[in-house]
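Trainee: I would like to go through this model and ask what stands behind each term. Please show it first.

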Amino acid sequence: SIFCGSTAWGFMDIIQKLAETGSYSELDLHFGRFMAELSDSDEESIIALSAILVSSYRRKGDVCLDIGRFAGSTISTGLHGEDTITCPGLTAWRAKLLASKVVGLPGDIVPMILDEKDRLYLHRYWSYEKNLSELIKARTTETCVQDVDQDLLRAHLKNNFPKDADDRIDWQLIAAAVAALKRFCVISGGPGTGKTYAAAKILALILGQPRRRGWRVFLCAPTGKAAARLAESIAEAKKNLVCPADIIRAIPEEGWTIHRMLKTVKGTPYFHYNTEKRLPADIVVVDEASMVDLPLMSKLIQAIPDEARLILMGDRDQLASVEAGSILGDICGTK
């Protein structure tokens, strides 16, 4: 049980007290009540509290709840915070969650998932994270792209990334080489660091490689404004490229929102292009990737063909996603 002082509280007491704080939405509270009623557990108050917290954290941008951070701590409740809820210790909390019907281990089909690191997820978000992690790992652990003309690649790198007089490391050149040789590349940097110009050079580099058919390239971003800005920046950057005219013409100047590119199925959270029907693309450039939340990034990468290149650009320290999940920051190792 959960205690207020020495008095054990039932799950409806928990919900009422948390409602009085004004810190939890009606959806959070309803989800807590629903999970408690569905749990078939003697510890309904713990189930209710856990469900409310994980729902609240998801709403605030976190895909999971680290129960280790709350174990043994107190949460102020009541109109003036005069009452407190004391959370269970970690071992007891974990055991009581897993004893219910609504919480399971990774791979179980239940509403909430508790992993080995004591992170509690809504099942849907655990699934999104698992799929995205596996897809990114597959792209980063594979060998280099086949059929790359190494001599042509070196020539393009030399023409578009001349050596600096200081002989400093040219990170744009390294990003370009990675994007040409691998199917996954991340370019992170603050405003004015030349991400878009680097992307134009990278596209010229890849499009200059021999190919039986034309390259299918998509430029996209999470919002219409960002997509338009990307298209404009690429068009401007093309003016300064050192490469044949046919390659410059092949670099697109149309920007898409991710939703328009994947084609939203009206009235549903699904897209026309998905894991079953892949987007007809050879290269996908995503700008402002820090704004892309976990569900959308998972659906995007599932829709991109395994053999296509994916280039993510953005500032890992800016423009948080609208929904839960800071994917670019997690990939770049933001602390």
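Trainee: In what sense do β6 and strand β7 pair, and over how many bridges?

Mentor: The model is a predicted one. In it, β6 and β7 (residues 112-114) pair in the parallel sense over two bridges. Pairing requires at least two bridges, and two bridges is what these strands have, so they count as a pair. Within this pairing, glycine 104 stands opposite isoleucine 113 in β7.

Trainee: What makes β3 and β6 edge strands?

Mentor: The open sheet they belong to has four strands in the order β3-β8-β7-β6, with mixed pairing. β3 (64-66) and β6 (103-104) each have a single partner strand, so one side of each is left without a neighbour in the sheet. Helix α6 (residues 123-141) lies across β7 and β8 (119-122), and runs at about 105° to β8.

Trainee: Which strands stand at the edges of the five-strand sheet?

Mentor: That open sheet has the order β9-β13-β12-β10-β11, and its pairing is parallel. Its edge strands are β9 (184-188) and β11 (255-257), since each pairs on one side only. Neighbouring strands there are turned by 25° against each other on average, with direction ignored.

Trainee: How do you know that β9 and β13 are paired?

Mentor: Count the bridges: β9 and strand β13 (residues 309-314) have five, in the parallel sense. The requirement is at least two, so this is a pair. Valine 186 stands opposite leucine 312 in β13. Helix α8 (residues 171-181) packs on this sheet and touches β9 and β13, its direction making about 160° with that of β9.

Trainee: In what sense do β4 and β5 pair?

Mentor: They pair in the antiparallel sense, over four bridges, with strand β5 covering residues 83-86. The bridge partner of threonine 77 is aspartate 83 in β5.

Trainee: Why are the side chains of β4 said to alternate?

Mentor: Along β4 (residues 74-77), Ile75 and Thr77 point to one face and are buried, while Thr74 and Ser76 point to the other and are not. Buried means under 20% relative accessible area, so Ile75 and Thr77 fall under that limit, and Thr74 and Ser76 do not.

Trainee: Which residues touch the most other members of the largest nonpolar core?

Mentor: They are Leu18, Ile75, Met112, Val284 and Val286, in a core of 67 residues. Helix α3 (residues 44-59) gives the most to this core, with nine residues. Apart from it lies another core, of 35 residues, among them Val148, Leu203, Trp215 and Ile311.

Trainee: What does valine 286 contact beyond its neighbours within four places in sequence?

Mentor: Its contacts are Cys220, Ile258, Val292, Leu300, Leu310, Ile311, Leu312 and Met313. Contact means heavy atoms within 4.5 Å, so each of these has at least one heavy atom that close to valine 286.

Trainee: What is the hand of the crossing of α9 and α10?

Mentor: The crossing is right-handed. The axes of helix α9 (residues 195-207) and helix α10 (residues 224-238) come within 9 Å and cross at roughly 65°. Thr196, Tyr197, Ala199 and Ala200 of α9 meet Leu230, Ser233, Ile234 and Ala237 of α10.

Trainee: How do the residues of this contact divide into nonpolar, polar and charged?

Mentor: Six are nonpolar, two are polar and none is charged. Thr and Ser are outside both the nonpolar and the charged lists, so Thr196 and Ser233 count as polar.

How values were computed:
Residues are numbered from 1 along each chain as its sequence is written. This is a predicted model: local features need pLDDT of at least 70, side-chain atom pairs count only at pLDDT 80 or more; totals for chains, interfaces and linings use all residues. Side-chain values use heavy atoms; hydrogens and water are left out. A nonpolar core is a set of buried Ala, Val, Leu, Ile, Met, Phe, Trp, Tyr and Cys residues joined through side-chain atoms within 4.5 Å. Buried means under 20% relative accessible area, exposed over 50%, partly exposed in between (1.4 Å probe, protein chains only). Axes are lines fitted to C-alpha atoms, for helices over the stretch in contact, and angles run from 0 to 180 degrees between N-to-C directions. A crossing is left-handed if the near helix is turned anticlockwise from the far one by less than a right angle, and right-handed if clockwise.
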